[in-house]
Amino acid sequence: MSLSRQMQSWIKGLAYHCGFSLRRLRAAKANTSGGGDYTGRVRPLLHKVDPYENFDWQTFPDNSSGWGSDSPAFAELVTEIRPARIIEVGTWKGGSALTLASQLEKLGLDTEIICVDTWLGALEMWTDQADEERFGSLGLRHGYPTLYYQFLANVCRSGRQSRITPFPIPSVTAAQWFSLHDVRADLIYIDGSHEEEDVYQDLVSYWDLVRPGGVLFGDDWSWDGVRLAVERFARESGFPITHRHDKWELRRPV
Ligand SMILES: C[S@@+](CC[C@H](N)C(=O)[O-])C[C@H]1O[C@@H](n2cnc3c(N)ncnc32)[C@H](O)[C@@H]1O
């Protein structure tokens, strides 16, 4: 570690010790600089070691089942927006991320997809032990999900490791990290928790991360929690909700 990195790390340690909030520090910075837009790859900022390095993916079955993950909406939106960066909130085994990736490839776009998920499952995955698709897929080992490794294996099997970057952390915390690093995206797909308050928090947290002209969209309009949260957010922000195939959309004006 260089001297200046050591110094930075020491200052941060001191700040944490004194109870400083990174968000407050960031807010102060944003007030003076007006906020920025980081255009590089996010992977090296997040991962010091390649998350796919030495991962023995062949021991995992070929299984990327999910929900609404092969919707034609993904290809249409990628073609229309030609995003330079995509953030996905709620990845599960990677189905939707792989669909997005395949359309990016068809268009020859070098776009990075950052997948935010705890890989610990949502509420509905923990409510019925007989549900093989949800509870079973968590793959509990000593009581802790191994779903993340199935996701990693699916990405490796598809050969898309360089494009898909995992961010294994709660969605709101990830949004704070993105904001702290001035990371925004042209397409943000919201498919994490489907509980109303959680969805609303995701919308509030991610809306400011959508670049002008970009789209925030999501799955499961038929779920009360999702619909009520999106309607509430749209009412408060004044932006209209539109629908495309099975997805809802909110557009950020240019
Ligand atoms: C419906 S699944 C995502 C499905 C996926 N998009 C697909 O194509 O199949 C929801 C995912 O959101 C994740 N999740 C739920 N709440 C979360 C939160 N607060 N932060 C991060 N991830 C969360 C769960 O672990 C789960 O993998």
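Let me start with a term: a polar contact is a pair of N or O atoms within 3.5 Å. Hello everyone, and please keep that cut-off in mind, as we begin at the ligand. One caution before we go in: what you have in front of you is a predicted model.

So, which residues sit around the ligand? There are 21 of them, and Ser96, Asp117, Gly121, Ser171 and Asp191 come nearest. Now for our cut-off. A backbone N or O atom of threonine 118 is 3.3 Å from a ligand nitrogen, and that falls within the 3.5 Å limit for a polar contact. Serine 171 offers a polar backbone atom too, at 2.8 Å from a nitrogen of the ligand. With serine 193, the distance from a polar backbone atom to a ligand nitrogen is 3.4 Å. How much of the ligand does the protein cover? On its own the ligand has 600 Å² of accessible area, and the protein covers 93% of that.

Let's move on to charges. As a general point, side chains of opposite charge can pair when their charged atoms come close. Searching the whole structure turns up 20 salt bridges, and I'd like to walk you through a few.

My opening example is arginine 211 with aspartate 37, where the N to O distance is 2.9 Å. What does this pair connect? Arginine 211 belongs to strand β5, residues 210-218, while aspartate 37 is in the loop between α2 and α3, so the salt bridge ties together parts that are 174 residues apart in sequence. The two partners also differ in exposure: arginine 211 is buried, at 9% relative accessibility, whereas aspartate 37 is partly exposed, at 38%.

Next come arginine 184 and aspartate 182, whose side chains form a salt bridge at 3.9 Å, N to O. Here both arginine 184 and aspartate 182 are buried.

Then there is arginine 232, which pairs with glutamate 197, with 3.3 Å between the closest N and O atoms. Arginine 232 lies in helix α9 and glutamate 197 in helix α8, so this bridge ties together parts that are 35 residues apart in sequence. Arginine 232 is partly exposed at 22% relative accessibility, and glutamate 197 is partly exposed at 42%. Elsewhere on our list, salt bridges with shared partners join Glu76, Glu80, Arg244, Glu249 and Arg251 into one network.

Now to the nonpolar side of things. In soluble globular proteins, nonpolar side chains tend to be buried together. The largest nonpolar core here has 33 residues, and those touching the most other members are Ile113, Phe151, Ile164 and Leu187. Where do its residues come from? At least two each are supplied by α4, α5, β2, α6, β4 and β5. The largest share, 7 residues, is from α6.

While we are talking about α5, have a look at leucine 98, which is found in that helix. Leucine 98 counts as buried because its relative accessibility is 11%, and the limit for buried is under 20%. Its C-alpha atom is 8.5 Å from that of isoleucine 164, although the two residues are 66 apart along the chain.

Last, a word on cysteines for anyone planning to ask. How many disulfides does the structure hold? The count is 0. Cysteine 115 is buried, at 0% relative accessibility, and cysteine 156 is buried as well, at 6%.

Thanks for listening, and I'm happy to take questions.

Key: Residues are numbered from 1 along each chain as its sequence is written. This is a predicted model: local features need pLDDT of at least 70, side-chain atom pairs count only at pLDDT 80 or more; totals for chains, interfaces and linings use all residues. Side-chain values use heavy atoms; hydrogens and water are left out. A disulfide is a pair of cysteine sulfur atoms within 2.5 Å. Buried means under 20% relative accessible area, exposed over 50%, partly exposed in between (1.4 Å probe, protein chains only). A salt bridge is a side-chain nitrogen of Lys or Arg within 4 Å of a carboxyl oxygen of Asp or Glu. Helices (H or I, at least four residues) and strands (E, at least two) are DSSP runs, numbered from the N terminus. A residue is near a molecule or strand if one of its heavy atoms lies within 4 Å of it. A polar contact is a pair of N or O atoms within 3.5 Å; within protein, one must be able to donate a hydrogen and the other to accept it, and residues adjacent in sequence count only if both atoms are side-chain atoms. Accessible areas come from the Shrake-Rupley method with a 1.4 Å probe; for residues, only the protein chains shown count as cover. A nonpolar core is a set of buried Ala, Val, Leu, Ile, Met, Phe, Trp, Tyr and Cys residues joined through side-chain atoms within 4.5 Å.
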